[in-house]
Each structure stands twice: as structure tokens, then as C-alpha cells.
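The exercises below ask you to work from a set of coordinates to a reasoned description. Try each task before reading its solution.

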Amino acid sequence: MDYSQFFNAALNRLHDERRYRVFADLERIAGRFPHATWHSPKGSRNVVIWCSNDYLGMGQHPKVVGAMVETATRVGTGAGGTRNIAGTHHPLVALEAELADLHGKQASLLFTSGYVSNQTGISTLAKLIPNCLILSDALNHNSMIEGVRQAGCERQIFRHNDVAHLEELLIAAGPDRPKLIICESLYSMDGDVAPLGKICDLAEKYGAMTYVDEVHAVGMYGPRGGGIAERDGVMHRIDIVEGTLAKAFGCLGGYIAGKAEVIDAVRSYAPGFIFTTALPPAICSAATAAIRHLKTSSWERERHQDRAARTKAILTAAGLPVMSSDTHIVPLFVGDPEKCKRASDLLLEDHGIYIQPINYPTVAKGTERLRITPSPYHDDGLIDALAEALLQVWDRLGLPLHQKPLAAE
């Protein structure tokens, strides 16, 4: 039997649906972010990255790089094992304490990625609650959806950010049934924010636990970078906060934080935690340095918001279809998968600007877009050059201009 036929058929389906993904071979340059080297088929070229999740450029910060190098030099590279088998090293323990403090919680638990922390965290929590009903926002990330699926318990989906619909589901569930509400604080494709205060009100009124994914907000919002929950003054009302070290903190890894007994239960039961090697010491030290810096430094957050606002203003003034967003995410509506991919290719090949196309299944069909993420290091010249390049690409592809700012789907 020719097994290759199955895989070729699967790949051909992606090509036919215009969903086949092509990765750019990029080499970031510490000290020059957002500039990078693109190793193209025609050779190396300098490009400007406009879609990085290293939102604050902390991946190149001297304190972060220095902590990583010093720790690797002092203790070596790998963790040496799972947490249970020699992998609970001191930099990791210090990082978990730092994260618990960041969110004002009793304890935190590290995972190898934000995806894993959601996938295994949600499924483990729900399995430990008898007859648990999960209430999940319709636009939750795939990692959360997988966590819900693996939990194996009943789930209900409430319309995105619709607290009235959520309340209907809570009432229907009854006062005695255990309930877990899961949502994101900031949805990264549209850039909109969850009404966390109202969700907490409902959770308290109807006896539900709350689980909030803050991966696109930690480091960037709140006086110390605790996220939207800290900014909105509701951190103490949320049972479990989930976050990442791979975005604003410029490193790698994911985590959850909450009450000591909740975190200890997940630590003791979660397969995705128990059976995988711990994060390396150098990564943990680097993340700790980033968190400590952003707890006391507001420059990065303030500059970041300024750059995002200017990017939105310049692109909107140029007549480009900027989707409405109150956060640092700047989505640019395209609405066609082929043209979205072609726009990305033209920006890279002709203008040295890298913005990855966002197509289905990441977003709904017909809402394809370019997702732009300005950083503190995108200066006025880079923003102006982006606008000019986008106008040229829009003209070449026959995409519409002069639309009013679009509401996020």
C-alpha cells in the first residue's frame, strides 16, 4: 500500500482551499529589532517584521539576554529531566514565585508552552470537578478548545463576549452544578477585550469558577504588567489566570496561577505537566528578568500603546480597511484567502516587510486579514513606509480603499 497517497491528498486539499501555509526563514538580530534577515530562495535580505508576538521586544533586552547567558554558563543548558526527576531546578522555582506574585496568587505552575498550559490545565481542572459544565467563549483559542475537548465533560459555547447569553446558560445549569467559565482577556485576531468585571459578577452570582487566558495581555497591561485583569482591577476575583512567557516576556513557556490547592492538584494530576521535561534554567532566568523589569518599567508599555495608536491612525488616514480595535492589535481586513496570501508575498518580496497572512481556520472564512503588531521599536519612518507599501499592494491587487474603520467580527 502506498501510504504517501493519503498525505499527498491531505496536502492537496489545503492547496485547493488556499490554506497551505508557507513559513518565512527569518533570523532576528538582537539590538536591531524589528529588523531581521530573511533567508529567501534568492539569498539573504534585510526585512522589517510587523507581525511578531514579541510585542515589547523583550527578546533582545540586555537584562533578558544577560540572564540567559549567565545562567547557561553557570549551570548548563537543559533541565535534566521532568519536574519529578531532577528537573525542578532553582531558576524554575524562582520563576514560579515571580509569576504568582505578578498575578497576586498563592502559587503558579510552569508548562513548556502556553498551548500546553491551556490544553492540559483546562482538561485536568475540569476532570477533577465532578459533573463539571464548561462554559466557553465562542472565539477561544484552539488550545482552550482542545483542553475542553480532552476534559470529556459537557460544554456549552456562549456567544463572543455576550454576558447576557452567558447568564442564560448559567441559569439553565442550575445553582448546584459545578461550572467553569473559560475566556480570553484579549482576543488576538480582532484585538477586542473581554468584559472581565461582568463575567466575574456572573461567576459570583451563579457559583462558577473562572479561568482567564491572558497570553496576549501579560506584560503589556496593568501597572505591573499583570494583564487586563490587573488593569481592570478584577485579578483577585479570577480563580485561575493562564499566561505565556513567549510573547511580551520574550522567552518560552506557559503557566497557570491561582490558589495553592488548585495549582497543587493540577501539578499532581496533569499528564502534560508530569510526563514532559522541565523548561531549561536559562529560559527560566531570562523570563524572570523580563517579568521583574516590566513590573517596574512602564516605558515599554507606554511606547507600545503610542506606536499602535500611530499605526492605526496612519493606516486609517490612508484609507486602508483597519478593523476597529482598542488594543495593540491592528487587523487589516482583506476578506479573500488568495489575495491575503498574495498581499503578504508582495509586501515581503517587493518591500521587505513581513506580515504573515491570517486565513481560515485561524479566522472565519471571508474575514481573512493581515494582523499587524507594532512594537516600541517601530519608529515613525517604519510606520510611514508600511502605509506606503500597503497602498501599493492594495492597488496592485485591486483591493478596496476609503472604507470606514471596520468593526471586528
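**Exercise 1: a sheet and its pairing**

In this predicted model, strand E5 (residues 133-137) and strand E7 (residues 179-184) are paired in the parallel sense over 4 bridges. Determine which residue of E7 stands opposite Ser136, then place E5 and E7 in the order of their sheet and find what lies across them.

*Solution.* Begin with the register: Ser136 stands opposite Ile182 in E7. Next, follow the pairing outwards, which gives an open sheet of 7 strands in the order E4-E12-E11-E10-E7-E5-E6, with mixed pairing. The edges of this sheet are strand E4 (107-111) and strand E6 (154-158), each of which pairs on one side only, and from one strand to the next the twist averages 20°. Finally, examine what lies across the strands: helix H6 (residues 142-151) lies across E5, E6, E7 and strand E10 (208-213), and runs at about 160° to E7.

**Exercise 2: an edge strand**

Decide whether the two faces of E4 are covered or open, and identify how E4 pairs with strand E12 (residues 254-258).

*Solution.* First recall that in a regular strand the side chains alternate between the two faces of the sheet. Sorting the residues of E4 by side puts Ala107, Leu109 and Phe111 on one side and Ser108 and Leu110 on the other, and all of these are buried, which leaves both faces covered. Since 5 of the 5 residues of E4 are buried, the strand is largely enclosed by the rest of the structure. As for pairing, E4 and E12 run in the antiparallel sense over 5 bridges, and within that ladder Ser108 stands opposite Ala257 in E12.

**Exercise 3: the sides of a helix**

Work out which residues of helix H2 (residues 62-75) are buried, and what they pack against.

*Solution.* Check the geometry of the helix before assigning its sides: H2 has 14 residues and reaches 20 Å from its first C-alpha to its last, close to the 20 Å expected at 1.5 Å a residue. The buried residues of H2 are Val64, Ala67 and Thr71. They cover an arc of only 65° around the axis, and therefore lie on the same side of H2. The spacing can be understood from a general rule: an α-helix has 3.6 residues a turn, so residues three or four places apart point the same way. The buried residues pack against helix H4 (90-102) and helix H12 (281-296), whereas Pro62 and Thr73, on the other side of H2, are exposed. Just after H2, Gly76 adopts a positive phi of about 100°.

**Exercise 4: two residues in their surroundings**

Establish whether His378 is buried or exposed, and do likewise for Tyr206; then list the contacts of each residue beyond its neighbours in sequence.

*Solution.* His378 belongs to the loop between strand E16 (369-372) and helix H15 (380-397). Its relative accessible area is 1%, and because the cut-off for a buried residue is under 20%, His378 counts as buried. Leaving out residues up to four places away in sequence, His378 touches Pro34, Val48, Ile49, Trp50, Arg303, Arg307, Thr373 and Ile383, while its side chain makes a polar contact of 2.9 Å with the side chain of Ser375.

Tyr206 lies in helix H8 (residues 196-206) and is also buried, with a relative accessible area of 17%. Apart from neighbours within four places in sequence, Tyr206 is in contact with Glu167, Leu170, Ile171 and Lys179. Of these, Ile171 is 35 residues from Tyr206 in sequence but 7.3 Å away in space, C-alpha to C-alpha.

Technical notes:
Residues are numbered from 1 along each chain as its sequence is written. This is a predicted model: local features need pLDDT of at least 70, side-chain atom pairs count only at pLDDT 80 or more; totals for chains, interfaces and linings use all residues. Side-chain values use heavy atoms; hydrogens and water are left out. Buried means under 20% relative accessible area, exposed over 50%, partly exposed in between (1.4 Å probe, protein chains only). Contact means heavy atoms within 4.5 Å. The expected span of a helix is 1.5 Å times one less than its number of residues. The arc is that of the directions from the helix axis to the C-beta atoms. A polar contact is a pair of N or O atoms within 3.5 Å; within protein, one must be able to donate a hydrogen and the other to accept it, and residues adjacent in sequence count only if both atoms are side-chain atoms. Two strands pair if DSSP finds at least two bridges between them. Axes are lines fitted to C-alpha atoms, for helices over the stretch in contact, and angles run from 0 to 180 degrees between N-to-C directions.
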